[in-house]
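Student: Could you take me through one part of this model up close? I'd like to look at the protein surface around the DNA, one strand at a time.

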There are 2 protein chains.
Amino acid sequence: MLRLSKLTDYAVVVLVRLAGMEGVQTSPGIAAATGIPEPTVAKVLKTLAAGDLVSSQRGAKGGYRLNRDLAAIPVSDVIAAVDGPIALTACVDGSASECESQGLCPMRGRWDPVNDAIQSALSRITLADMQVALLPAFRTPVAQVPFQSAAE
Amino acid sequence: MLRLSKLTDYAVVVLVRLAGMEGVQTSPGIAAATGIPEPTVAKVLKTLAAGDLVSSQRGAKGGYRLNRDLAAIPVSDVIAAVDGPIALTACVDGSASECESQGLCPMRGRWDPVNDAIQSALSRITLADMQVALLPAFRTPVAQVPFQSAAE
DNA sequence: GTTATCCGGACTACCACAGTCCTGATTGTT
DNA sequence: AACAATCAGGACTGTGGTAGTCCGGATAAC
Ligand code: FES
Ligand code: FES
């Protein structure tokens, strides 16, 4: 189904939310703002921090802060940070010891151009593009700052 | 990891093999030629037949035959036939009832352009492109293999 | 010192995928 | 007519990754 993980979806939500504020933001705060459960938000943030997409400030008054502008974060970076490197098949480049019959398999490295095409397409779309996609024409501030009171 | 299923990989192998012969080919024959286990090959063939990529001839002397030329089969068609429609997230278009909080989620339909970009990139690459990638002039798989771990 | 927050991992439940197999239906061969 | 070969369509199970939660420890402000 060529599906990416929900964590990546959450990551985009969190990053966009993170970009909307100036100072650092805490995990519970983002969780409350986005409606995503707090533990999951914390997990996503930690993953993003490991991927150098966000910076963390420990201790009281701590939180997370966006490292780069949304326009400088392609979707491929988020996917790579959360889901790992983009590898359509087991035999693209990194993991070459997956196929049982490598010597006779006619697919050796065949998917590389396909994989690269996807990577290229994903690199061209930044989070800023996804952000503006949700603002139709009128500025509906409610749309970008939703509250999750109905979430149950 | 944005990985597609191994069945899709097998499907490409099978389709390329199917294009190399003139008449119909049986499941065991393709299995023997490709090294893929027979039951798996049969499953892939049945899936491809359901997707109208191959035609089947039942009974003795039966087998499978390619419907369209390799150049007319984009990779996206194979993926769609085997793995189902390309849907990066649960909320692209077809399945709109996946998100628990659709009304407040700021990602509603956000992935659509990303999904479309991938679909477009995949539509531009045909099986013929992947085929020529592996046949330089002769079948010398060792030439383009940097290092073979020879795990098997 | 206390409190709030992040860090790093372990842990479990679940679901899609991978692979196999079985019972019919169809068709050519003997 | 009987037989053999092949596809059709499903059911079935094991495995692996994902989703989500949780805990003890480190860090820094108050
Ligand atoms: S599928 Fe990767 S080498 Fe065969
Ligand atoms: S993630 Fe799909 S609508 Fe929220």
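Tutor: Here is a walk along the surface near each DNA strand, with a short stop at a helix of chain B at the end. Keep in mind that this is a predicted model.

Let's start with DNA strand D. It has 23 residues around it, and A:Lys6, A:Leu7, A:Lys43, B:Ser56 and B:Tyr64 come nearest. Of the strand D atoms that come within 4 Å of the protein, 67% belong to sugar and phosphate. Both chains build this surface: helix 1 (6–20) and helix 3 (38–50) come from chain A, while strand 1 (54–57) and strand 2 (63–66) come from chain B, and each of these supplies at least two residues. Sorted by class, the residues here are eight nonpolar, 10 polar and five charged.

Now for some individual contacts on strand D. On the phosphate side, a polar side-chain atom of B:Tyr64 sits 2.5 Å from a phosphate oxygen, and one of A:Thr40 sits 3.1 Å from a phosphate oxygen. B:Lys46 goes for a base instead: a polar atom of its side chain lies 2.9 Å from a base nitrogen of DNA strand D.

Over to DNA strand C, which is surrounded by 23 residues, with A:Ser56, A:Tyr64, B:Lys6, B:Leu7 and B:Lys43 the closest. Sugar and phosphate make up 68% of the strand C atoms within 4 Å of the protein. Look at A:Ser56 in particular: an N or O atom in its side chain is 2.2 Å from a phosphate oxygen of strand C. The backbone takes part too, with a polar backbone atom of A:Ser27 at 3.1 Å from a phosphate oxygen and one of A:Ala60 at 3.3 Å from a base nitrogen. The elements giving two or more residues to this surface are strand 1 (54–57) and strand 2 (63–66) of chain A, along with helix 1 (6–20) and helix 3 (38–50) of chain B. The class split near strand C is eight nonpolar, 10 polar and five charged.

Last stop, helix 4 of chain B, residues 75–83, where B:Val75, B:Ser76, B:Val78, B:Ile79, B:Val82 and B:Asp83 are buried. These buried residues lie on the same side of the helix, because they span an arc of only 160° around its axis. B:Val78 deserves a closer look: within the largest nonpolar core, which has 74 residues, A:Val78 and B:Val78 touch the most other members. Leaving out residues up to four places away in sequence, B:Val78 touches B:Thr8, B:Ala11, B:Val12, B:Leu15, B:Leu53, B:Ile73, B:Asp83 and B:Leu127. Just past the helix, B:Gly84 adopts a positive phi of about 90°.

Terms used
Residues numbered from 1 in each chain as written. Chains lettered and ligands numbered in written order. Predicted model: local features only at pLDDT ≥ 70, side-chain atom pairs only at ≥ 80, totals over all residues. Heavy atoms only, no water. Buried < 20%, exposed > 50% of the residue type's maximum accessible area, 1.4 Å probe, protein only. Helix = DSSP H or I, 4+ residues; strand = E, 2+ residues; numbered from the N terminus. Arc of directions from axis to C-beta. Core = buried A, V, L, I, M, F, W, Y, C linked by side-chain atoms within 4.5 Å. Contact = heavy atoms within 4.5 Å. Near = heavy atom within 4 Å. Polar contact = N/O pair within 3.5 Å; in protein donor to acceptor, adjacent residues only side chain to side chain. Nonpolar A, V, L, I, M, F, W, Y, C, P; charged D, E, K, R; others polar.
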